[in-house]
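Reader: Hi! I'm new to this one and would love a friendly walk through it. Could you show it to me?

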Amino acid sequence: MHGTKHHLQKDFFLYNASKARSKTYINMREISERFRLPPSEYVVIPSTYEPHQEGEFILRVFSEKRSLSEEVENMIEAERPSKKKKGKPIIFVSDRANSNKELTADEDAGKDGEKTHVDEKKRPSAKAREGSEEEKQFRNIFRQIAGDDMEINAEELRNVLNNVVKKHKDLKTEGFELESCRSMIALMDTDGSGKINFDEFRHLWDKIKSWQKIFKRYDTDHSGTINSYEMRNAVNDAGFRLNNQLYDIITMRYADKNMNIDFDSFICCFVRLDAMFRAFHAFDKDGDGIIKLNVLEWLQLTMYA
């Protein structure tokens with residue numbers, strides 16, 4: 001296990017018995033134990049008596065030979081569907097459409113002389129997709145709410161999403177809040193108009209559908225919420241690799257007082273994660289994981305989102 005810093009899943013503890021543990025596990029101000037263990041590899045797991053509580057832990061290791069200890073953490077990254085040619089970073093909202101339009105990047109990977117091989121059986125034609133029932137349903141709802149310009153603002157987006165979501169009887173939710181839809185508009189708006197067109201909306205809904213499946217997978221009791229531990233696994237299933245500090249931040253930002261996350265907050269979190277990773281990769285021209293922004297660029301990137 002040495003050198004592997006991935007977060008350990010619940011199955012690890014189901015099939016690996018503990019070698020030593022605290023004798024008394026009660027709600028005390030301080031507990032200390034001393035163990036004598038043979039040379040090997042060990043995982044030390046500190047915990048509090050009540051969940052979601054903060055605590056301080058001190059670990060001292062005495063050994064005859066040099067020992068190595070490290071924190072088990074994931075490398076922060078997001079799964080990317082394919083390597084794409086990097087364009088100009090998204091800095092100004094009004095420049096998004098011309099600088100780095102992510103919506104069409106997956107479909108236009110073969111531009112600039114690059115050849116791509118697409119399995120026609122796996123990707124249906126645009127005509128077939130448009131003729132599907134879901135496509136017709138979306139276009140009809142979208143056209144009724146958007147009007148002639150075929151663009152919608154945050155309030156109209158909420159009406160469209162809630163009209164579609166309420167048809168999913170197996171998903172217990174009261175729908176999307178206006179603030180969540182404002183965030184979605186800001187993060188998906190590629191031309192800085194404060195609205196999204198049908199293609200942008202369709203791209204957003206395709207993502208929401210995949211995240212909805214993940215949410216339903218962990219909402220086993222059909223309560224319409226998942227707990228903070230399930231949220232960690234859901235984030236991982238969606239292709240995002242975060243460390244403990246970021247998981248704690250997500251819980252503080254999106255969970256309620258009982259540390260549960262509802263569907264609206266769940267989707268809002270994933271939309272933001274997806275958009276922030278895309279924005280970071282757009283700025284990270286050389287791929288070294290480091291970007292440099294001035295105060296204007298930072299504020300324009302974060303305030304609108």
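Author: Happy to! Let's start with one residue: E179 is exposed, with a relative accessible area of 51%. Here buried means under 20% relative accessible area, exposed over 50%, and partly exposed in between (1.4 Å probe, protein chains only).

Reader: Before we go on, what kind of model is this?

Author: This is a predicted model: local features need pLDDT of at least 70, side-chain atom pairs count only at pLDDT 80 or more, and totals for chains, interfaces and linings use all residues. Residues are numbered from 1 along each chain as its sequence is written, and side-chain values use heavy atoms, with hydrogens and water left out.

Reader: Thanks! Back to E179: which residue does it form a salt bridge with?

Author: With R182, and the closest N and O atoms are 3.4 Å apart. A salt bridge is a side-chain nitrogen of Lys or Arg within 4 Å of a carboxyl oxygen of Asp or Glu.

Reader: Where do R182 and E179 sit?

Author: They are three residues apart in helix α6 (residues 178–188), so about one helical turn separates them. R182 is partly exposed, at 46% relative accessible area. Helices (H or I, at least four residues) and strands (E, at least two) are DSSP runs, numbered from the N terminus.

Reader: And the rest of α6, is it mostly covered or mostly open?

Author: Mostly covered: eight of its eleven residues are buried. Among them are C181, M184, I185 and L187.

Reader: How many salt bridges does the structure hold?

Author: Five. One joins the side chains of R202 and D206, at 3.3 Å from N to O. These two are four residues apart in helix α7 (residues 198–218), so they too are separated by about one helical turn.

Reader: Are R202 and D206 buried or exposed?

Author: R202 is buried, with a relative accessible area of 8%. D206 counts as partly exposed because its relative accessibility is 29%.

Reader: Cool. Which residues are linked in a network of salt bridges?

Author: K207, D274 and R278. Within that network, D274 and R278 come to 3.1 Å between their closest N and O atoms. Both lie in helix α10 (residues 263–283), four residues apart, about one turn of the helix. D274 and R278 are both buried.

Reader: Switching topic: what forms the negative surface patch?

Author: E174, E177, D256 and D262 form it. Patches are made of residues with over 30% relative accessible area and no salt bridge; like charges are joined within 9 Å, and nonpolar side chains (Val, Leu, Ile, Met, Phe, Trp, Tyr) within 5 Å. Lys and Arg count as positive and Asp and Glu as negative, while His and the chain ends are not counted. A charge is placed at NZ of Lys, CZ of Arg, CG of Asp or CD of Glu.

Reader: Where is D262 found?

Author: In strand β6 (residues 260–262). D262 is partly exposed, with a relative accessible area of 34%.

Reader: Which residues form the nonpolar patch?

Author: Y25, I26, M28, I31 and Y49, with about 500 Å² of accessible area together. Accessible areas come from the Shrake-Rupley method with a 1.4 Å probe, and for residues only the protein chains shown count as cover. M28 is in the loop between α1 (10–15) and β1 (77–78), and M28 is partly exposed at 47%.

Reader: Last one: how many helices and strands are there?

Author: Eleven helices and six strands. Of the 305 residues, 31% count as buried.
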